[in-house]
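Student: I've just opened this one and don't know my way around yet. Could we go through it together, one question at a time?

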Amino acid sequence: MKILKNPKTVNYYDLKDFILGESFPWYINQSVVSERTKSTRPVTNWAYTHCILGRPEYNHFYSSDSVKAELIIKVLSEIFNHNGIEKFFFLRVACNTTFPVPEKNSIGTFHQDHDYEHHNFILYLTPTDGGTFIEDSRYEPTVDSCITFQGVHANELPTYGRRVVIVATYITFETDESWKYKCEKFQMGV
């Protein structure tokens, strides 16, 4: 896991105001209902999601029906570039929100986002105690913080406040040579 610096640009604050505002559309994610926690009691683990870029493995391409998708990608790119991550290709991007549960240590399902090598990115937009478990470690976020990592992970449901995050998966390229061509091939499913 690597903690990234958020340059908090004007674009970032415009995007954050929009996502946390009353006009941002949220959709219920039915695939995370009734997961188990460390306490082994069934817990309602639902989330609201807003897909920015859909998974490329479903149709061999990514798609976006999201409002302000270009601004979201621009803000994430500003953060990546500020941290020296320059040769990247986004696979999936979404906004997720979970609401508080009174029980501490209510944890979602440990998972890996794709079946192939990739990196994960999380940007925390709200001040809450809903951390992120990555393999055997735990990251306790602060508002406006962001991390990147690889591996199996799970979110912790907050005990207070709404946990709003932007999540992304991406791949990187080691050399300057033809990295844009590799992105185009990946996008086409080749």
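Student: How many bridges join E7 to E12, and which way do the two strands run?
Tutor: Bear in mind that we're looking at a predicted model. One pair to find is His119, which stands opposite Tyr170 in E12. The two strands, E7 and E12, run antiparallel, and the number of bridges joining them is six.

Student: Which residue of E10 stands opposite Ile122?
Tutor: Start with the pairing: E7 also pairs with strand E10 (residues 146-149), again in the antiparallel sense, over four bridges. Within that pairing, the residue of E10 opposite Ile122 is Ile147.

Student: Is E7 largely enclosed or open, and how many of its residues are buried?
Tutor: Look at both sides of the strand. His119, Phe121 and Leu123 point one way, Asn120, Ile122 and Tyr124 point the other way, and all are buried. So E7 is largely enclosed by the rest of the structure, with the buried count at six of the six.

Student: Where do the buried residues of H1 sit, seen down the axis of the helix?
Tutor: First pick them out: in helix H1 (residues 10-20) they are Tyr12, Leu15, Lys16, Phe18 and Ile19. Down the axis, these buried residues fall within an arc of 165 degrees, so they line one face of the helix. On the other side, you'll find the exposed Val10 and Asp17. So, for the buried residues of H1, the place is one face of the helix.

Student: What covers the buried residues of H1?
Tutor: The cover includes one helix and some strands, and E7 (119-124) is among them. You've met E12 (163-172) too, as the strand joined to E7 by six bridges. The full set named here is helix H3 (69-82) with strands E6 (88-98), E7 and E12.

Student: Which residue meets Lys16 in a salt bridge?
Tutor: Look far along the chain: Lys16 is in helix H1, and its partner is in the loop between E9 and E10, 128 residues apart. Both partners are buried. The N to O distance is 2.7 Å, and the partner is Asp144.

Student: How far apart in sequence are the parts that Arg92 and Asp113 tie together?
Tutor: The side chains of Arg92 and Asp113 meet in a salt bridge at 3.9 Å, N to O. Both residues are buried. Arg92 lies in strand E6 and Asp113 in the loop between E6 and E7, so the separation is 21 residues.

Student: Which residues are linked with Arg138 in a network of salt bridges?
Tutor: One link is the salt bridge between Arg138 and Glu156, at 2.3 Å, N to O. Arg138 counts as partly exposed at 36% relative accessibility, whereas Glu156 is buried at 4%. The residues networked with Arg138 are Glu140 and Glu156.

Student: Which are the edge strands in the open sheet of E9, E8 and E11?
Tutor: The order is E9-E8-E11, with antiparallel pairing. An edge strand here pairs on one side only. That gives E9 (137-139) and E11 (153-155).

Student: Where is the pLDDT below 50?
Tutor: The protein averages a pLDDT of 82, and 77% of the residues score at least 70. One stretch falls below 50, though it has 29 contacts in the model beyond near neighbours in sequence. Where pLDDT is low, the predicted coordinates should not be read in detail. The stretch to treat that way is residues 32-44.

Notes
Residues numbered from 1 in each chain as written. Predicted model: local features only at pLDDT ≥ 70, side-chain atom pairs only at ≥ 80, totals over all residues. Heavy atoms only, no water. Buried < 20%, exposed > 50% of the residue type's maximum accessible area, 1.4 Å probe, protein only. Arc of directions from axis to C-beta. Contact = heavy atoms within 4.5 Å. Pairing = 2+ DSSP bridges. pLDDT = per-residue confidence, 0-100. Salt bridge = Lys/Arg side-chain N within 4 Å of Asp/Glu carboxyl O.
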